[in-house]
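Dear colleague,

I am passing on the structure we spoke about, so that you can open it beside this message. Please look through it once by yourself, and then read my notes below.

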Amino acid sequence: MHARVAAATTAALLGGAVLILPSPHAKAGDRITAPLVVSHRGASAYAPENTLAAIDHAAALGFDWVENDVQRTRDGRLVVLHDASLARTTDVAKVYPGRSPWKVKDFTAAEIARLDAGSWFGPRFAGARVPTLREYMEGVSRNHQKLVLEIKNPELYPGIERQTLRLLSNEGWLDPVHLRNRLIVQSFSAASVRTVHDLRPGITTAFLGTPPVAQLPRYARFADQINADHRSLSAGYVSAVHALHGPHGPMKVFAWTVDDAATARRMAGFGTDGVITNVPDVIRRALR
Ligand code: G3P
Ligand code: CA
């Protein structure tokens, strides 16, 4: 097991460098590792979020872990988009002016496929599309990447967990190799995370949020990770999570959305296992 760099760890910020001393509980042979860096919605500071361009950019920067958001169209297709509405990240208001508030769930996959999901970000991304989850998984596979898949707004999409797992299975993502170290499924909905765990106990799961410490043992029954807003974390909280065992071993903590060097070093000092960031290259430099 890796030594945890958490409450019991002393982290001293010295002129931009982080000094991480091992926990007194560390055993000989334990390794101390910097947090894993996950590209949030792809490398979304540099390319339009949740598009194939965003995961390709992450790959070009040398990052294998990416994060996305999965929702469902009116005709039952899974697509990758963050907001419940298409308005912020596509030209839907121009293409379908009479259909405000442009909810994903009110549009068919064919209608969404017509939209430009790149121009809002920059002219060189004009023509980027909202990927279907199938297209997205093919892109991630092509890039030899690993995925933190978020089931977004599951209350809007009954049965989305089973449907997502079916697609992942069809794409070869539920075999032992992928389950071991290439896939994490997360949600802000504890019920959704529990459903994923119950359907396929082999999947590594994460709850998005910061449950009270007293409730953490309940989450440990179905979640391997607590993925928390960095502003809600402390060394003590990280340590409390690390003390628990989830379905597949000691629980972990990923922090989001960590976009500056000082916060990244602070999270490393707390002993977080991962940081989710829009600027993976900046964070890699900070943690080097
Ligand atoms: O992966 C964590 C993060 O994605 C959760 O927030 O709103 O960006 O989906 P959000
Ligand atoms: Ca997300």
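The calcium ion (ligand 2) is a good place to begin: E67 (OE), D69 (OD) and E150 (OE) coordinate this ion, at 2.1 to 2.3 Å. Please keep in mind that the model is a predicted one. Along the chain, the donors of the calcium ion follow the spacing E-x1-D-x80-E. E67 counts as buried because its relative accessible area is 3%, which is under 20%, and D69 is likewise buried because its relative accessibility is 0%.

The three residues that coordinate the calcium ion (ligand 2), E67, D69 and E150, also appear among the residues that surround ligand 1, where they are joined by H40, R41, H82, K152, Q186, F188, L208, W256 and I276. This shell around ligand 1 divides into four nonpolar, three polar and five charged residues. Which side chains place a polar atom 2.7 Å from an oxygen atom of ligand 1? H82 does so, and K152 does so as well, while for H40 the corresponding distance to an oxygen atom of ligand 1 is 2.8 Å. Ligand 1 exposes 290 Å² when it is taken alone, and the protein buries 91% of that area.

Turning to the nonpolar cores, the largest has 68 residues, and I226 and L233 are those with the most contacts inside it. Leaving out residues up to four places away in sequence, I226 touches F207, G209, P211, L216, Y219, Y237, V241, M251, K252, V253 and F254. There is also a second, separate core of nine residues, including V38, I184, W256 and I276; of these, W256 and I276 are also among the residues around ligand 1.

With best wishes

Methods. Residues are numbered from 1 along each chain as its sequence is written. Chains are lettered from A and ligands numbered from 1 in the order in which they are written. This is a predicted model: local features need pLDDT of at least 70, side-chain atom pairs count only at pLDDT 80 or more; totals for chains, interfaces and linings use all residues. Side-chain values use heavy atoms; hydrogens and water are left out. A residue is near a molecule or strand if one of its heavy atoms lies within 4 Å of it. A polar contact is a pair of N or O atoms within 3.5 Å; within protein, one must be able to donate a hydrogen and the other to accept it, and residues adjacent in sequence count only if both atoms are side-chain atoms. Accessible areas come from the Shrake-Rupley method with a 1.4 Å probe; for residues, only the protein chains shown count as cover. Ala, Val, Leu, Ile, Met, Phe, Trp, Tyr, Cys and Pro count as nonpolar, Asp, Glu, Lys and Arg as charged, and the others, Gly among them, as polar. Donors are N, O and S atoms within 2.8 Å of the metal (3.2 Å for Na, K and Ca); water is not among the atoms, so sites may look incomplete. Buried means under 20% relative accessible area, exposed over 50%, partly exposed in between (1.4 Å probe, protein chains only). A nonpolar core is a set of buried Ala, Val, Leu, Ile, Met, Phe, Trp, Tyr and Cys residues joined through side-chain atoms within 4.5 Å. Contact means heavy atoms within 4.5 Å.
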